[in-house]
Amino acid sequence: MQKGENKAWDCSGIECRVAKINTMVTNISKGATAHSIDSVYKSLFNDRAEEEKRNLIDFCKNLCSYLDTMGEIFGEFGIDVALDEEDNFWVIEVNVFPSFKGFKQMDYLTYLNIRYNPLLYAKSLTEFEGD
């Protein structure tokens, strides 16, 4: 989740991670693989995939809005969320310095946009004008 030049929280990308066989660790550096939300949610929810994706994004936006009340200036979060058997979301952790290695492998254009977006947000907090 990131803020851009409009200073509003937006979902810049979602990656689903699958742990290496016989492990529970979903770190890319430990052998996990990254997959698109669309492919994973289509296999889980079929016709409800887009609705369930919207539910996840709304959940994360609400979490970001809550974290904004903490008195800090945040521009991005990497939110690790698990989904249980009843389709409830569980927050595992919220990273203020997220890694984007999965996007680098999975969707390089999204990776580049994610890396650029914090600069647009930082610029929006200044008095500089123009491109």
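## Two loop residues with positive phi

In this predicted model, K7 is partly exposed, with a relative accessible area of 44%. You'll find K7 in the loop between strand 1 (2-3) and strand 2 (9-10). What's odd about K7 is its backbone: phi is positive, about 65 degrees, and K7 is not a glycine.

D87 tells a similar story. Phi of D87 is near 65 degrees, again positive in a residue other than glycine. D87 sits in the loop between strand 5 (78-83) and strand 6 (89-95), and counts as partly exposed at 29% relative accessibility. As background, most residues other than glycine have a negative phi.

## The largest pocket

The largest pocket has a volume of about 1,200 Å³. It is lined by 38 residues, and E15, R17, I79, D80 and V81 are the closest to its centre.

Strand 5 is the top contributor to this lining, giving six residues. Strand 3 (15-18), helix 1 (37-45), helix 2 (49-68), strand 6 and helix 3 (101-106) are also among the elements that each supply at least two. By class, the lining splits into 24 nonpolar, nine polar and five charged residues.

## The second largest pocket

Next comes a pocket of about 200 Å³, the second largest. Its lining has 13 residues, with G13, I14, I37, F103 and T110 closest to the centre.

Helix 1, helix 2 and helix 3 each put at least two residues into the lining of this second pocket. That lining comprises six nonpolar, four polar and three charged residues.

## A nonpolar patch

On the surface, Y108, L109 and L112 make a nonpolar patch of about 310 Å². Y108 belongs to helix 4 (residues 108-124) and is partly exposed, at 46% relative accessibility.

Conventions. Residues numbered from 1 in each chain as written. Predicted model: local features only at pLDDT ≥ 70, side-chain atom pairs only at ≥ 80, totals over all residues. Heavy atoms only, no water. Patch = residues over 30% accessible without salt bridge, like charges linked within 9 Å, V, L, I, M, F, W, Y side chains within 5 Å. Areas by Shrake-Rupley, 256 points an atom, 1.4 Å probe, with all protein chains shown as cover. Salt bridge = Lys/Arg side-chain N within 4 Å of Asp/Glu carboxyl O. Helix = DSSP H or I, 4+ residues; strand = E, 2+ residues; numbered from the N terminus. Buried < 20%, exposed > 50% of the residue type's maximum accessible area, 1.4 Å probe, protein only. 1 Å grid on protein atoms, 1.4 Å probe; cavity = no way out; pocket = protein on both sides within 12 Å on 5 of 7 lines; lining within 4 Å. Points joined across faces, edges and corners; volume = space filled by probe spheres on them. Nonpolar A, V, L, I, M, F, W, Y, C, P; charged D, E, K, R; others polar.
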